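Biologist: Before I use any of the terms attached to this model, I would like to hear the grounds on which each one rests. Could you take me through them with care?

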Amino acid sequence: GIIPVYEFSRYGLKLSMALQLILLSLSLGDLINQLKEEQFEIKQEVIKAHAHSQASSEFLAKMSHEIRTPMNGVLGMAELMGDTRLDRIQSHYLNVITSSGRALMGVINDILDYSKIEAGKMEIEHLDCNLEELLNECVSVFSLKADEKNLEFVLSIEEDAPLQVRIDPTRVRQVVLNLLGNAFKFTDRGHVMVRVCHEAGDEQPFIRIEVADSGIGIPQEVQRNLFSSFTQADVSTTRKYGGTGLGLAICKQLVELMGGAIGIESQAGHGSVFWFRLPAVPASRPASLPAYRKVDLQDLHVLLVSELSVYASVMQQELARFGARVDVAEHSRQAVARVRDATDAYHVIAIDKELPGESGYALARELHDLLDPARTRLVLVTGLRDNEKQSQLDAAGIAMAINRPLSSAQMRDALALTQRSLPRRAPPADRGEGGKPPVAGEAATPAPAAGPAAGDFSHLRVLVADDNQVNLMVAVGMLGQFGIHPETASDGSGAVAAVTDADAPFDLVFMDCEMPGMDGYDATRAIRAHLEGTGARTVIIALSAHVMAEARRKSLDAGMDDHMAKPLNRSDLQQKLLQWGGS
């Protein structure tokens with residue numbers, strides 16, 4: 001009754017509501033179309049990004065292959081030339097070529113690793129590993145560098161450090177070697193030390209690995225960007241140390257992929273400590289791993305004569321954990337005084353060859369006159385490249401000479417070997433009834449040698465297939481050093497013909513993957529098809545300049561047994577011969 005009833009008022013309200021619904025429908029439809037367009041654009045961007053990533057990965061893989069192929073010829077022929085007769089200048093030039101080539105390969109590997117991480121294609125493995133064995137391998141790589149720069153270099157493993165763990169040994173090794181490379185690069189005097197310890201966590205324990213040095217140190221303002229890509233501490237135009245600035249960035253990403261963290265503690269002029277930690281996941285089958293720590297040096301009385309304070313301190317601390325009683329003398333006069341004043345005779349005296357004011361040989365001769373040779377053994381600790389004559393050792397009364405230990409494990413094993421020649425010992429008087437005499441000769445197996453000796457594999461029938469004549473020369477030359485005179489093929493079809501026409505089956509075939517016409521993959525499939533049902537088993541090893549995981553999988557899927565990345569080197573080739581051909 002408020003609004004008069006007219007035709008307009010009767011239908012106007014209905015018309016306005018209908019118009020409102022129409023306008024809302026049109027707006028909603030427009031909004032839906034906008035959202036569809038945005039989703040389409042997002043999908044297109046994702047497709048473009050994926051295509052760009054794929055293209056970048058393929059480009060880097062291709063460039064890696066193209067660079068590695070000639071580098072195989074450069075480094076391979078340089079290694080072969082090193083075994084020929086060269087004068088001093090030629091040898092120097094060859095060393096420069098080799099070191100420069102290896103430096104270039106390091107840059108290539110860094111760029112490839114970085115690209116794999118950025119593309120999300122870096123794969124992390126979880127394998128049972130003995131961490132002490134792995135770290136001993138790492139420090140052995142830098143043994144010559146430590147000797148050349150006259151640096152103290154030790155590996156310290158704390159008693160509670162977990163050693164039988166489940167990690168990616170390849171990536172852990174890569175991180176440790178990178179950190180050691182930086183430590184030696186920026187340290188000209190003093191020491192470099194690798195330290196392993198246990199670190200508690202809120203939910204799980206961690207392994208903490210530190211690489212400490214007494215080098216130039218890093219200012220605080222530089223540290224915040226140190227793990228960024230293409231960043232270096234020294235950015236001046238006359239950079240002294242060089243490098244790509246990728247190493248630490250790669251280390252950070254690898255450690256984070258393994259579930260850990262990485263950091264630095266440093267001050268300019270006071271050295272640096274780079275550390276990283278990883279989850280301490282116990283090995284699934286610890287009994288299958290070498291147990292380096294099962295050593296009994298109980299009550300072995302040892303005197304270390306060395307002016308190297310860091311080395312002596314680490315040895316004293318760690319050998320004590322295996323039951324040895326260790327004293328330290330910094331110079332010859334202090335050593336003589338300790339021997340004369342000792343109430344309990346020393347069983348082993350380890351003497352540095354180079355001592356302040358006197359040689360180790362002179363001290364050994366003096367101590368030999370004061371000691372009972374039946375109860376005490378003298379050990380000479382020499383530089384890594386020193387080769388002592390047995391006549392000199394005998395004349396000074398020295399039982400054995402060992403190259404400077406890089407870790408307590410090596411000193412421990414040397415003491416265990418020396419212990420075998422000592423008579424059964426009674427516990428010292430100050431131990432009372434609780435003293436425990438060891439069993440004579442009880443010792444651990446010495447640490448494994450750095451690598452197998454070059455063997456004679458002349459009994460093997462070997463075929464090498466490669467379309468690059470330089471790479472073929474490298475492979476043939478290296479195999480010849482192991483007594484092998486291989487047959488060759490320049491393409492896949494030639495390799496198949498060599499196998500099918502052979503009077504006797506080949507033991508090994510080294511197959512280049514990328515060859516014109518029939519490539520190595522198709523050649524392998526053809527060889528496997530020919531040998532099927534014959535009972536013959538020929539091992540086929542891929543030779544490829546591709547190092548991505550996809551390349552290895554592709555080789556195995558084609559029927560190959562193993563994969564070798566170029567450039568070839570003698571030690572890797574020898575390992576494959578031992579693995580697949582026997583010794």
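Modeller: What follows is a set of questions about helix packing, sheets, a pocket and backbone geometry in a model that is predicted.

Biologist: What makes α3 and α5 a packed pair, and which residues meet there?

Modeller: The axes of α3 (residues 131-141) and α5 (residues 169-185) come within 10 Å and cross at roughly 35 degrees. Contact requires heavy atoms within 4.5 Å, and on that footing L134, L135, E137, C138 and V141 of α3 meet P169, V172, R173, V176, L177 and L180 of α5. By class, this contact holds 9 nonpolar, no polar and 2 charged residues.

Biologist: Is the crossing of α3 and α5 left-handed or right-handed, and what do such descriptions rest on?

Modeller: The crossing of α3 and α5 is right-handed. Two packed helices are described by the angle between their axes together with the distance between those axes.

Biologist: Why is the sheet that contains β5 and β7 called open?

Modeller: The order of its 5 strands is β2-β4-β5-β7-β6, with mixed pairing, and the edge strands, β2 (152-157) and β6 (261-266), each pair on one side only. The twist from one strand to the next averages 15 degrees. Helix α8 (residues 309-320) packs on this sheet, where α8 touches β2 and β4 (191-199), and the direction of α8 makes about 25 degrees with that of β2.

Biologist: How do you know that β7 is paired with both β5 and β6?

Modeller: Two strands pair if at least two bridges are found between them; β5 (residues 206-213) and β7 (residues 272-279) have 8 bridges in the antiparallel sense, while β6 and β7 have 6, also antiparallel, so both pairings satisfy the definition. As examples of bridge partners in β7, I207 is matched with L278, and I262 is matched with F276. The hairpin of β6 and β7 has 5 residues between the strands, and G269 there takes a positive phi near 85 degrees.

Biologist: What makes N150 noteworthy in its backbone geometry?

Modeller: N150 has a positive phi of about 55 degrees although it is not a glycine, and N150 is found in the loop between α4 and β2. Most residues other than glycine have a negative phi, and most peptide bonds are trans. The bond from K566 to P567 is instead cis, with omega near 5 degrees, and P567 lies in the loop between β19 (562-565) and α17 (570-581).

Biologist: Which residues are closest to the centre of the second largest pocket, and what is the lining made of by class?

Modeller: About 420 Å³ of space lies in that pocket, and of its 20 lining residues, D147, N150, L308, G383 and R404 are the closest to the centre. The lining has 7 nonpolar, 4 polar and 9 charged residues, and the largest share from an element, 3 residues, comes from α4.

Biologist: Why is the sheet that contains β15 and β17 called parallel?

Modeller: Its 5 strands run in the order β16-β15-β17-β18-β19 with parallel pairing; within it, β15 (residues 462-465) and β17 (residues 508-512) pair in the parallel sense over 4 bridges, and the bridge partner of A465 in β17 is M511. Helix α16 (residues 549-557) packs on the sheet and touches β18 (539-544) and β19, with its direction at about 140 degrees to that of β19. Helix α14 (residues 492-500) lies across β15, β16 and β17, running at about 165 degrees to β15.

How values were computed
Residues numbered from 1 in each chain as written. Predicted model: local features only at pLDDT ≥ 70, side-chain atom pairs only at ≥ 80, totals over all residues. Heavy atoms only, no water. Axes fitted to C-alpha atoms, helices over the stretch in contact; angles between N-to-C directions. Helix = DSSP H or I, 4+ residues; strand = E, 2+ residues; numbered from the N terminus. Left-handed = near helix turned anticlockwise from the far one by under 90°. Nonpolar A, V, L, I, M, F, W, Y, C, P; charged D, E, K, R; others polar. 1 Å grid on protein atoms, 1.4 Å probe; cavity = no way out; pocket = protein on both sides within 12 Å on 5 of 7 lines; lining within 4 Å. Points joined across faces, edges and corners; volume = space filled by probe spheres on them.
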